[in-house]
Amino acid sequence: MEIIYNIRKKAAGLKRRIVLPEGAEDRTIRAAEFLIAEGIADVILLGARGRIQDQAARYGLRHVLEAPIVDPYRIDPADEERYIELMVSLRGSKGVTREVAARQLQEPLYLGAVMVKAGDADGEVAGAVSYTGDVLRPALQYIKTAPGISVVSGTFIMRIPDKSYGDMGTMLFADCAVSPEPTAQQLAEIAISTARTARSIVGLEPRVAMLSFSTRGSASHPSVDKVREATEIAQRMDPNLVIDGEIQADTAIVPDIADRKAPGSRLDGRANVLVFPSLEVGNIAYKLVQRLAHADAIGPVLQGLASPVNDLSRGCSIDDIINVVAITACQTE
Ligand code: ACO
């Protein structure tokens, strides 16, 4: 797939350090070998050193044998002290004492997030054996959001076989993974973050549809007002962004219908970024399109964090892990 090829190639040029908290997990360790061997990223594996090295030796993963490994129970004392100080300074007011910080560092998902925050890694990828919430929480607590953004969200890059939609069949759907009920401000930020992902990861110039069950006031409801307000906020945040809303899905992606229902729309029925009014809608929509239209769904690409962290599906393949690490490396730009 061309998008993935380009992402891997770009990542190789960046040479980023990505921390993998599930370092002893079977698919992760094999993905790590490929990532290092192909020069897509440098990886730092978290886990028991002996276990990781035994597995690497058994599978003949010679690059992993030389990769940096950090055992959460045997962190270098100088690093541990640095991490504890950082954690207490960031979350002392939330009850994180030195003891709490030391305990959290024994959890690989916390250690990984703190290493990113401390600048010892450029990004993090986990989730092959962990729940989404468990991967996200340490990142939300310690890495926090990017300047100007208060909400983390998840985009799927959809590759739809019918090339008449989006840009030759490529579209971005958000938020499909993180924020259950965004406010108008948060919805606007999700639009801005997704537009950035479209540019930086996929290389698309975004045309953003803020989706609703109403087009230009055809229905009235507080949720319609929210989408309209979000569109206005997003336009103020980025006056050059091509965006329209509130708009129905067909009007956003079918030029003939746009002509009739939204004449003069800046999208012209050719939206390539769809922002859904809630997580419920976004999550259901991407899964239906994936199944009914036989689309590839790449993601979720988490966006809005100050440094990139991405969550894997527990059903992921080795290839999925490689691709998500490459995406994460590209998000550091
Ligand atoms: N963006 C930015 N910050 C956030 C967000 C967000 N979306 N959500 C929570 N936070 C912050 C909170 O403000 C809080 O900060 P603080 O501790 O400094 O005050 C911190 O993160 C922790 O927040 P909690 O509310 O304690 O965390 P919670 O336990 O609710 O977890 C989470 C947050 C994990 C994002 C939760 O909302 C969640 O589980 N979302 C759904 C994830 C999911 O299951 N998605 C569907 C599956 S994925 C798929 O199908 C592809």
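The following dialogue considers the ligand site and one residue of a predicted model.

Tutor: Local features need pLDDT of at least 70 and side-chain atom pairs pLDDT 80 or more, while totals for chains, interfaces and linings use all residues. Residues are numbered from 1 along each chain as its sequence is written, and side-chain values use heavy atoms, leaving out hydrogens and water.

Student: How many residues surround the ligand?

Tutor: A residue is near the ligand if one of its heavy atoms lies within 4 Å of it. The closest include R91 and K144. The shell divides into nine nonpolar, six polar and four charged residues. The number surrounding the ligand is 19.

Student: Which residue has a polar backbone atom 2.7 Å from a nitrogen atom of the ligand?

Tutor: A polar contact is a pair of N or O atoms within 3.5 Å. The side chain of R91 places a polar atom 2.7 Å from a ligand oxygen atom. The backbone atom paired with the ligand nitrogen belongs to A177.

Student: Why does the ligand lie between domain 1 and domain 2?

Tutor: Domain bounds come from an automatic or database assignment. The ligand lies between the two because residues of its shell come from both domain 1 (2-144 + 307-330) and domain 2 (153-299).

Student: Is T194 buried or exposed?

Tutor: Buried means under 20% relative accessible area, exposed over 50%, and partly exposed in between, with a 1.4 Å probe and protein chains only. Beyond neighbours within four places in sequence, T194 has contacts (heavy atoms within 4.5 Å) with residues including L172 and V273. Because its relative accessibility is 0%, T194 counts as buried.

Notes: Polar contact = N/O pair within 3.5 Å; in protein donor to acceptor, adjacent residues only side chain to side chain. Nonpolar A, V, L, I, M, F, W, Y, C, P; charged D, E, K, R; others polar.
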